[in-house]
Amino acid sequence: MQVQMPKDFEEQLKRQFVLIAGKAITELASRPQAPEWMDLGTAATYLSVSRGTLTTFIKQGLKVTVVNGTKRIRREDADQFMIAHSI
């Protein structure tokens, strides 16, 4: 579909798009990246939930790796768990 608009409006729209996209890219780049293997506290923070809610997620099937009593959650498993529970 083709839409006709005044040239100055089109230029303003392009500038706004570039500005918004630039801010989004800057924000994403400045976010700290979660490690591949997270302890439970880091995993809860990564998922923006409390430790209690994380425990509920684990009971619901979120995978936990335990080595010598040390519990870790893989970032990819946390992401997949959230995707699987999207409605």
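A nonpolar core is a set of buried Ala, Val, Leu, Ile, Met, Phe, Trp, Tyr and Cys residues joined through side-chain atoms within 4.5 Å. Buried means under 20% relative accessible area, exposed over 50%, and partly exposed in between, with a 1.4 Å probe and protein chains only. This is a predicted model, in which local features need pLDDT of at least 70 and side-chain atom pairs count only at pLDDT 80 or more, while totals for chains, interfaces and linings use all residues. Residues are numbered from 1 along each chain as its sequence is written, and side-chain values use heavy atoms, with hydrogens and water left out. Helices (H or I, at least four residues) and strands (E, at least two) are DSSP runs, numbered from the N terminus.

**Nonpolar core**

- The largest nonpolar core has 12 residues: Ala34, Met38, Leu40, Ala43, Ala44, Leu47, Leu54, Phe57, Leu62, Ile73, Ala78 and Phe81.
- Two or more residues of this core come from each of H2, H3 and H4.
- H2 gives the most, with four residues.
- In soluble globular proteins, nonpolar side chains tend to be buried together.

**Met38 and strand S1**

- Met38, one of the core residues, is found in strand S1 (residues 37-38).
- Met38 counts as buried because its relative accessibility is 0%.
- Beyond its neighbours within four places in sequence, Met38 is in contact (heavy atoms within 4.5 Å) with Ala43, Tyr46, Lys71, Arg72, Ile73, Arg74, Arg75 and Ala78.
- A distance of 14 Å separates the C-alpha atoms of Met38 and Ser48, which are 10 residues apart along the chain.

**Helix H2 and its ends**

- The buried residues in helix H2 (residues 40-47) are Leu40, Ala43, Ala44 and Leu47.
- These residues are on the same side of H2 because they cover an arc of only 100 degrees around the axis, the arc being that of the directions from the helix axis to the C-beta atoms.
- An α-helix has 3.6 residues a turn, so residues three or four places apart point the same way.
- The cover over the buried residues of H2 includes S1, H3, strand S3 (70-74) and H4.
- At the N-terminal end of H2, Asp39 acts as a cap, with a side-chain oxygen 3.1 Å from the backbone nitrogen of Gly41.
- Ser48, just after H2, takes a positive phi of about 60 degrees.

**Helix H4**

- Asp77, Ala78 and Phe81 are buried in H4.
- Down the axis of H4, the buried residues fall within an arc of 100 degrees, so they line one face of the helix.
- S1, H2, H3 and S3 are the elements against which the buried residues of H4 pack.

**Aromatic pair**

- The structure holds one aromatic pair.
- The ring centres of Phe57 and Phe81 are 5.2 Å apart and their planes lie at 45 degrees, so the pair is tilted.
- Rings of Phe, Tyr and Trp (its six-membered ring) pair if their centres lie within 6.5 Å; planes under 30 degrees apart count as stacked, over 60 as edge-to-face and the rest as tilted.
- The pair links distant parts of the chain, with Phe57 in helix H3 (residues 51-59) and Phe81 in helix H4 (residues 75-84), 24 residues apart.
- Both Phe57 and Phe81 are buried.
- Not counting residues up to four places away in sequence, Phe57 touches Leu47, Val49, Leu62, Phe81 and Met82.

**Salt bridges**

- A salt bridge is a side-chain nitrogen of Lys or Arg within 4 Å of a carboxyl oxygen of Asp or Glu, and the count by this rule comes to four.
- One salt bridge joins the side chains of Lys14 and Glu10 (3.5 Å, N to O).
- Lys14 and Glu10 both lie in helix H1 (residues 7-30), four residues apart, about one turn of the helix.
- Lys14 is partly exposed, with a relative accessible area of 43%, and Glu10 is partly exposed at 25%.
- Arg74 forms a salt bridge with Glu76, the closest N and O atoms being 4.0 Å apart.
- Glu76 counts as partly exposed at 47% relative accessibility, and Arg74 counts as partly exposed at 24%.
- Arg74 also forms a salt bridge with Asp77, where the closest N and O atoms are 2.9 Å apart.
- Asp77 is buried, with a relative accessible area of 13%.
- Elsewhere, salt bridges that share partners join Glu10, Glu11 and Lys14 into one network.

Methods
A polar contact is a pair of N or O atoms within 3.5 Å; within protein, one must be able to donate a hydrogen and the other to accept it, and residues adjacent in sequence count only if both atoms are side-chain atoms.
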